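Biologist: Could you take a close look at one helix and at the aromatic contacts that involve it? Please state the cut-offs as you go.

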Amino acid sequence: MSQTSPVPVRKPPSQFSLTYGHLWFVLPGFLFFLAVMLLPLAFAFGISLTNWSGLGNDLAFVGLANYGELLTHWPFYRAAFHNAVIFVAILIFQHTVGLYLAVLLNDKPRFMQFYRTVLFLPVIMSLVATGFVWTLMLSPNIGLVNPMLKAIGLGFLAGQWLSNPATALAVIVFVTAWNSMGWAIIIYLSGLQNVPEELKQAAEIDGANSRQVFWRVVFPQLSPAFTALTVLTFIGTFRTFDVVYVLTGPLGAPNFGTDVLGTLIYRTAFGGSSFSSADIRFAFGVAMALLMMLVMAAICWGLIRILRGREIEG
């Protein structure tokens, strides 16, 4: 007579496993984040506490002296001001021209796919290539802009676009806006396509005209798109480097009139075309980059809180 073997009784999971067992799934991602983000940041912070020039092994611990010097470093505030000007100009452009073009595309005109492709095309171009294209376009010798202005009777506007202090920063704003406008159109277009048709139909039945439907019904529904675009624009414009470097060089010509935080940090850490090795202060440049990152993170946090609150109230 055969006997059946007893069924093994599985030990129940411990309370610790039930509470913290899911952390095993998070561990690989956390270790990767630690390796590529936190450790380099800690290393960079350590460098910023020294006077290392970036050359050789001659360095000494200076504590927070680099950060204290930054508070009175005039070029830092000048570059930040130029970044702020670019941000405000791009923000206004995207929330007006970008929104208007998105509304036109949302009406599904003929050749909509063609228009959308053409408008998004600058986004897929690298900023370095964009800078080279506009350097050639604006060249006073071989460029196309000045001859076109003369051909349509606006020759008095032709000039040295990139070497004139009155127009250089405006050119940086224009090229950046041209390159990033596709993002604004796509983000607003996706928001417009998520507005329920029932809401618009109900407003029309109540007697609202097309303008009232847009401003009273459609526009409030675009708050998430407004928030996302504002925060992304802030981050993008304060990270501006490529366009300025290609169009006006690492010195932000003319006479630092287009100098932004990206070129200032690069020039401080690695030197510019007219700088000697004695002017290179790698640790000071790292301190500048870290302070800029902290300020940007704080402003982004504030923007998100304010704009999210506005979405909830809406």
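Modeller: What follows concerns helix H8 and the ring pair that it shares with helix H6. This is a predicted model, in which local features need pLDDT (the predictor's confidence in each residue, from 0 to 100) of at least 70 and side-chain atom pairs count only at pLDDT 80 or more, while totals for chains, interfaces and linings use all residues. Residues are numbered from 1 along each chain as its sequence is written, and side-chain values use heavy atoms, with hydrogens and water left out. The protein averages a pLDDT of 87, and 94% of the residues score at least 70.

Helix H8 (helices being DSSP runs of H or I with at least four residues, numbered from the N terminus) covers residues 168-193, and its 26 residues reach 38 Å from first C-alpha to last, close to the 38 Å expected at 1.5 Å a residue, where the expected span is 1.5 Å times one less than the number of residues. H8 nevertheless bends by about 45° at Ser180, the bend being the angle between axes fitted to the seven residues ending there and the seven starting there. Of the 26 residues in H8, 19 are buried, that is, under 20% relative accessible area, with exposed over 50% and partly exposed in between (1.4 Å probe, protein chains only).

Rings of Phe, Tyr and Trp (its six-membered ring) pair if their centres lie within 6.5 Å, and planes under 30 degrees apart count as stacked, over 60 as edge-to-face and the rest as tilted. By this rule there are 18 aromatic pairs. In one of them, the rings of Trp134 and Trp178 have centres 5.7 Å apart and planes at 80°, so the pair is edge-to-face. Because Trp134 lies in helix H6 (residues 127-137) and Trp178 in helix H8, this pair ties together parts that are 44 residues apart in sequence. Trp134 is buried, at 11% relative accessible area, whereas Trp178 is partly exposed, at 27%.

Note on methods
Helix = DSSP H or I, 4+ residues; strand = E, 2+ residues; numbered from the N terminus.
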